[in-house]
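Subject: Structure handover

Hello,

I am passing this structure on to you. Please open it alongside this email and follow along.

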Amino acid sequence: MELVRGLHNLRPHHRGCVATIGNFDGVHAGHQAILKRLSRHAARLGLPGCVVIFEPQPREYFAPHSAPPRLTRLRDKLALLEEQGVDRVLCLAFNRRLRELSADEFIQQVLIDGLGVKHLEVGDDFRFGCDRAGDFALLQVRGQQQGFTVESASTVAESGERISSTRVRQVLAEGDFPQAERLLGRPFSITGRVLHGQKLGRTLGAPTANVQLKRISAPLNGVYRVSVELDGTRHLGAANIGTRPTVNGDGQAHLEVHLLDFDGDLYGRRITVVFHEKLRDERKFDSLDELQAAIKADFATARAQWAAELNK
């Protein structure tokens with residue numbers, strides 16, 4: 001899969017494609033259905049399939065601290081798009097210049113001059129351009145004028161509800177990981193590099209790996225039973241994701257993972273944390289002794305729950 005960052009990096013050989021546009025946060029089952037249709041149209045026309053995404057996502061640009069928490073950061077999103085057979089991703093920097101493009105300018109500069117799009121697949125509620133003035137109807141009109149077709153991406157439902165990134169965030173907040181897996185088409189996980197942290201866990205007798213989140217906020221908060229994928233091997237563990245209120249955290253979300261039966265150095269290594277069950281909410285304790293006791297109880301609970309599951 002080819003990644004093109006910005007319109008200025010498009011070359012003549014990039015013109016002529018089948019495209020879709022969106023955030024594709026989570027690349028969930030609804031997105032996957034759109035990408036399958038994209039691939040079918042691309043194969044029919046003998047053209048590459050291209051996904052247009054934005055960094056930051058528009059709502060993060062306008063209100064970074066109240067935007068919905070990301071399900072996937074850019075690196076993981078790209079990997080998931082590649083798994084779905086996408087040929088090319090055009091990543092546009094969402095900045096003042098892009099935000100001020102009129103709907104017609106967006107169509108001309110991105111879709112026609114930039115991509116030379118032959119078929120476009122978007123939701124019928126898709127809005128674009130300055131003040132979100134552009135819509136599906138405008139795309140259809142411009143498509144007829146400029147020689148490209150536009151098709152509405154049909155809604156995909158699960159148990160009678162539309163599959164969306166918002167719905168995935170909702171079930172994650174409820175701790176319903178089986179439902180999240182159905183919506184995503186895979187278990188929910190977070191991948192990141194292990195960084196040096198405060199090393200407080202070592203002093204409390206509970207060493208944890210501090211996993212880099214690279215996002216403003218996280219879609220989970222609390223203590224969880226997790227498994228960790230490391231170099232093709234699965235390890236069992238427990239994790240806390242939150243702001244660490246007991247130790248006067250910095251207000252940012254942190255992911256700290258403890259592997260139940262592991263003795264080794266994880267610093268600098270990339271791990272994937274798969275979430276299986278919520279054990280409790282994050283809370284502020286009155287002392288480090290109380291925090292230490294709670295951590296030990298969390299580890300014991302996670303160990304017991306893993307034993308019960310593995311012995312079924």
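Below is what was found, from the overall picture down to single strands.

**Overall**

This is a predicted model. The protein has 312 residues, and 47% of them are buried. Its secondary structure comes to 10 helices and 14 strands. Along the principal axes, the C-alpha atoms fill a box of roughly 70 × 40 × 35 Å.

**Confidence**

Mean pLDDT is 90 for the protein. A value of 70 or more is reached by 95% of the residues. Strand β4 (residues 88-93) has the highest confidence, at a mean of 98. Helix α9 (residues 200-203) has the lowest, at 54. Where pLDDT is low, the predicted coordinates should not be read in detail.

**The largest pocket**

Start with G22, N23, D125, F126 and R132. Of the lining residues, these lie nearest the centre of the largest pocket. The full lining has 46 residues. Several elements give two or more residues to this lining: β2 (17-21), α1 (29-45), α2 (58-62), α4 (96-99), β5 (117-122) and α7 (165-173). The most comes from α2, which gives four residues. The pocket holds about 1400 Å³ of space. By class, its lining has 19 nonpolar, 15 polar and 12 charged residues.

**Cavities**

Two cavities of 30 Å³ or more were counted. The second largest has a volume of about 50 Å³. Its lining is made of E60, P64, A67, P68, P69, R70, R215, I216 and S217. Five of these residues are nonpolar, one is polar and three are charged.

**Strand β5**

Next, look at β5, one of the elements that line the largest pocket. Five of the six residues of β5 are buried, so the rest of the structure largely encloses this strand. It has two parallel partners to look at.

- β2 runs parallel to β5, and four bridges join them. Here A19 stands opposite L120 of β5.
- Strand β6 (residues 149-152) also runs parallel to β5, again over four bridges. Here E121 stands opposite E151 of β6.

Helix α6 (residues 136-146) belongs with two of these strands. Together β5, α6 and β6 make a right-handed β-α-β unit.

**Strand β13**

Now move along the chain to β13 (residues 254-259). How many of its six residues are buried? The count is six of six, so to speak a mostly covered strand. Both of its faces are covered. H254, E256 and H258 are buried on one side, and L255, V257 and L259 are buried on the other.

Two antiparallel pairings involve β13.

- Strand β10 (residues 209-211) pairs with β13 over three bridges, in the antiparallel sense. N210 has E256 as its bridge partner.
- Strand β12 (residues 233-242) runs antiparallel to β13, with six bridges between them. I241 has L255 as its bridge partner.

**One residue to check: L259**

L259 lies in β13. Is L259 buried or exposed? Its relative accessible area is 7%, and the cut-off for buried is under 20%, so L259 counts as buried. L259 and H28 are 231 residues apart in sequence. In space they are 28 Å apart, C-alpha to C-alpha.

That is the handover. Over to you.

Best wishes

Definitions and conventions
Residues are numbered from 1 along each chain as its sequence is written. This is a predicted model: local features need pLDDT of at least 70, side-chain atom pairs count only at pLDDT 80 or more; totals for chains, interfaces and linings use all residues. Side-chain values use heavy atoms; hydrogens and water are left out. On a 1 Å grid over the protein atoms alone, a cavity is a set of points where a 1.4 Å probe fits but cannot get out, and a pocket is an open set with protein on both sides within 12 Å along at least five of seven lines; lining residues have an atom within 4 Å of a point. Grid points are joined across faces, edges and corners, and a volume is the space filled by probe spheres set on the points. Ala, Val, Leu, Ile, Met, Phe, Trp, Tyr, Cys and Pro count as nonpolar, Asp, Glu, Lys and Arg as charged, and the others, Gly among them, as polar. pLDDT is the predictor's confidence in each residue, from 0 to 100. Buried means under 20% relative accessible area, exposed over 50%, partly exposed in between (1.4 Å probe, protein chains only). Two strands pair if DSSP finds at least two bridges between them. A crossover is right-handed if, with the strands pointing away from the viewer, the path from the first strand over the helix to the second runs clockwise.
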